[in-house]
Amino acid sequence: MFVLRISKFSVMNIVITGASKGIGKAITEKFADDKQGHTFFLCSRNAPTLKTLSKELQGRFPRTNIFTQACDLSMVEEVKKFGEWVLKEASKIDILVNNAGVFTPGNVHDEEEGMLEKTMQVNLFAPYHLTRILLPAMIRQKSGHIFNISSIAALQAYPGGGAYSISKFALDGFSKNLRYEMRPHGI
């Protein structure tokens, strides 16, 4: 298990995709619970759920600042708009969590036509494009953390994994490549 250790005195700007439920919501709550008063830039497809989450978090963790934007990460232009909005609002980017993902069970030979493209759009292309938008700011500040939330499906193929497993193998490759590229920049 990986544990991120960050100074108790650091107030951070944290960007999380797919933040309104599941793993994204749990990650957001964990960072908010450390009482530091971090600033969050959250997105998900569902605007009402995102608004409810924002109110809930602000009530439970009053020192936090919560900014939200509905964003369909399957659309590159929306990913770019979200990234540009974050850069406009944030003085720096400390943490990027590419969490949003889609899963539809199926096998390569019988899944719906276009499933690979749809799945890759959210599970690989969205993290790729959002990371590329935010990286120049992180490189300038010579710091930051990027977490691409993957799956055991990236390590072991299985029946019914189809496009999902393929997309997670690709995300794993992206993450490994990015790690080597960003080492000299303190990211």
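The following exercises, each with a worked solution, concern the predicted model shown above.

Residues are numbered from 1 along each chain as its sequence is written, and side-chain values use heavy atoms, with hydrogens and water left out. Because the model is predicted, local features need pLDDT of at least 70 and side-chain atom pairs count only at pLDDT 80 or more, whereas totals for chains, interfaces and linings use all residues.

**Exercise 1. The nonpolar cores**

Task: Determine which residues touch the most other members of the largest nonpolar core, and which element supplies its largest share.

Solution. Step 1: A nonpolar core is a set of buried Ala, Val, Leu, Ile, Met, Phe, Trp, Tyr and Cys residues joined through side-chain atoms within 4.5 Å. Buried means under 20% relative accessible area, exposed over 50%, and partly exposed in between (1.4 Å probe, protein chains only).

Step 2: The largest core has 26 residues, and Val15, Leu73, Phe82, Val86, Ile93 and Leu134 touch the most other members. At least two residues each come from strand E2 (39–44) and from helices H3 (76–89), H4 (115–141) and H5 (162–182). Helices (H or I, at least four residues) and strands (E, at least two) are DSSP runs, numbered from the N terminus. The largest share, 8 residues, is that of H4.

Step 3: Apart from this core lies another, of 16 residues, including Phe40, Leu57, Ile66 and Val97.

Step 4: For valine 86, leaving aside neighbours within four places in sequence, the contacts (heavy atoms within 4.5 Å) are Val15, Phe41, Ile93 and Leu134.

**Exercise 2. The setting of threonine 28**

Task: State whether threonine 28 is buried or exposed, and identify what its side chain approaches.

Solution. Step 1: Threonine 28 belongs to helix H1 (residues 22–32). Its relative accessible area is 0%, so threonine 28 is buried.

Step 2: A polar atom of the threonine 28 side chain lies 2.8 Å from the backbone oxygen of glycine 24.

Step 3: Beyond its neighbours within four places in sequence, threonine 28 is in contact with Ile16, Ala19, Phe40, Leu42 and Leu57.

**Exercise 3. Salt bridges of arginine 60**

Task: Find the salt-bridge partners of arginine 60 and locate each pair along the chain.

Solution. Step 1: Side chains of opposite charge can pair when their charged atoms come close. A salt bridge is a side-chain nitrogen of Lys or Arg within 4 Å of a carboxyl oxygen of Asp or Glu. The structure holds 6 of them.

Step 2: Arginine 60 pairs with glutamate 29, the closest N and O atoms being 3.1 Å apart. This pair links distant parts of the chain, with arginine 60 in helix H2 (residues 47–60) and glutamate 29 in helix H1, 31 residues apart.

Step 3: Arginine 60 also forms a salt bridge with glutamate 56 (3.0 Å, N to O). Because these two residues are 4 apart in helix H2, about one helical turn separates them.

Step 4: Arginine 60 is partly exposed at 45% relative accessible area, and glutamate 56 is partly exposed at 29%. Lys25, Glu29, Glu56 and Arg60 are linked in a network of salt bridges.

**Exercise 4. The salt bridge of lysine 92**

Task: Describe the pair formed by lysine 92 and aspartate 94, including the accessibility of each residue.

Solution. Step 1: The side chains of lysine 92 and aspartate 94 meet in a salt bridge, at 3.0 Å from N to O.

Step 2: Lysine 92 is partly exposed, with a relative accessible area of 32%, whereas aspartate 94 counts as buried at 11%.

Terms used: A polar contact is a pair of N or O atoms within 3.5 Å; within protein, one must be able to donate a hydrogen and the other to accept it, and residues adjacent in sequence count only if both atoms are side-chain atoms.
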